[in-house]
Each structure stands twice: as C-alpha cells, then as structure tokens.
Amino acid sequence: VATLGLAGEGFALESLPVWVAHPAVITFLQGVTLISAALLSGVLTQKIAKQPLVKLLPQHAAIGVIAGLMWLVMVG
C-alpha cells in the first residue's frame, strides 16, 4: 500500500496526515497521466510549430517512444 505523509511515530504531533492508495489506483493514474501528456504534447507541438504533420513526424515519433519507455518504467 502506498502512503504519503508521516505516520506520527517519533513526533510530538499526534495526528499527522496520511494518504493511502491502492497500487492499482496509482498505476491507473500514472497511465492516464502519461497517455494524456503524450497526446497533449503532440497537439501542442503541432500548434506551436504550425508545420504540416509530415514535417513533424520525427517529433511525434520521439514523443511516442519516450512515452512508451516511460510506460515500461512506471506502469509496466
């Protein structure tokens, strides 16, 4: 179980915040974030560059490769 925060052991404060999340929830959120970031990167690259899709294919391919490798590290 993944936690965020301090449990309160060894501290003077009695109730410190602790967040607990199931590993499947964390994996889902990482996957959704990664997919949406890759899609938005492609869209924003297209808008900023104002070039035809064919000219930006290497950039889009690089985004896909990096997203795929991050998927293997984070989600897979």
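Confidence varies along this predicted model. Strand 1 (residues 2-5) has the lowest mean pLDDT among the elements of the protein chain, at 60, and helix 2 (residues 57-74) the highest, at 95. Here pLDDT is the predictor's confidence in each residue, from 0 to 100. Helices (H or I, at least four residues) and strands (E, at least two) are DSSP runs, numbered from the N terminus.

| Element | Residues | Mean pLDDT |
|---|---|---|
| Strand 1 | 2-5 | 60 |
| Helix 2 | 57-74 | 95 |

The protein chain averages a pLDDT of 86, and 79% of the residues score at least 70. Where pLDDT is low, the predicted coordinates should not be read in detail.

The protein chain holds two strands and two helices. Their order along the sequence is β-β-α-α. Of its 76 residues, 14% are buried, meaning under 20% relative accessible area (exposed is over 50%, partly exposed in between; 1.4 Å probe, protein chains only). Among contacts (heavy atoms within 4.5 Å) with a separation of 6 or more, 28% join residues 24 or more positions apart.

Thr45 lies in helix 1 (residues 23-49). Is Thr45 buried or exposed? Thr45 is buried, because its relative accessible area is 18%. Beyond its neighbours within four places in sequence, Thr45 contacts Leu56, Gln59, His60 and Ile63.

Residues are numbered from 1 along each chain as its sequence is written, and side-chain values use heavy atoms, with hydrogens and water left out. Local features need pLDDT of at least 70 and side-chain atom pairs count only at pLDDT 80 or more, while totals for chains, interfaces and linings use all residues.
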